[in-house]
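Visitor: Please give me a close look at a single part here: the nonpolar side chains, and where they sit.

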Amino acid sequence: MSNEHRPRRLIRIREVCDRVGLSKSTIYDRIGRGDFPKPVPLGTIVAWVEAEIDRWIEERIADRDERAAGAPREPSPVKSG
């Protein structure tokens, strides 16, 4: 199913860590460098847009595949929204 037809869903840090295989501190470090989607503030907590995390994962896979094919590519900047 395409992401365009799914309702937007927010996920918490534990699920983000499970999905991407990174620690909480590494995720926040990458956010600070602009290499990971920013969270959405929800009062005293934050959550991430599921589709943005899915897109980040897909971009990492595409980067790997392009490097394996010998076509170097700069990583895409993270886009929120």
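Guide: Happily! A residue is buried under 20% relative accessible area, exposed over 50% and partly exposed in between (1.4 Å probe, protein chains only). Ile-45 is partly exposed, because its relative accessible area is 33%. This is a predicted model, where local features need pLDDT of at least 70 and side-chain atom pairs count only at pLDDT 80 or more, while totals for chains, interfaces and linings use all residues. Numbering runs from 1 along each chain as its sequence is written, and side-chain values use heavy atoms, without hydrogens and water.

Ile-45 belongs to strand 3, residues 45-49 (helices, H or I of at least four residues, and strands, E of at least two, are DSSP runs numbered from the N terminus). With Leu-10 and Leu-42, Ile-45 forms a nonpolar patch on the surface (residues over 30% relative accessible area without a salt bridge, nonpolar side chains joined within 5 Å, like charges within 9 Å; a salt bridge puts a Lys or Arg side-chain nitrogen within 4 Å of an Asp or Glu carboxyl oxygen). Together the three residues of this patch have about 220 Å² of accessible area (Shrake-Rupley, 1.4 Å probe, with only the protein chains shown as cover for residues).

Strand 3 also holds Trp-48, partner of Tyr-28 from helix 2, 20 residues apart in the chain. Theirs is one of 2 aromatic pairs in the whole structure (ring centres within 6.5 Å, using the six-membered ring of Trp; planes under 30 degrees apart are stacked, over 60 edge-to-face, the rest tilted). The ring centres of Tyr-28 and Trp-48 are 6.0 Å apart and their planes meet at 70°, so the pair is edge-to-face. Tyr-28 is partly exposed because its relative accessibility is 34%, whereas Trp-48, at 0%, is buried.

Trp-48 leads us inward, to the largest nonpolar core, which has 12 residues, including Trp-48, Phe-36, Ile-53 and Trp-56 (buried Ala, Val, Leu, Ile, Met, Phe, Trp, Tyr and Cys joined through side-chain atoms within 4.5 Å). Helix 1 (13-20), helix 2 (24-33) and helix 3 (50-68) each give two or more residues to this core, and helix 1 supplies the largest share, 4 residues. Another core member is Cys-17; beyond its neighbours within four places in sequence, Cys-17 is in contact with Leu-22, Ser-23, Lys-24 and Ile-27 (heavy atoms within 4.5 Å).

For the wider setting, the protein chain has 3 helices and 3 strands, in the order β-α-α-β-β-α. Of its 81 residues, 25% count as buried. The protein chain exposes about 5,700 Å², with 53% of that supplied by carbon and sulfur atoms.
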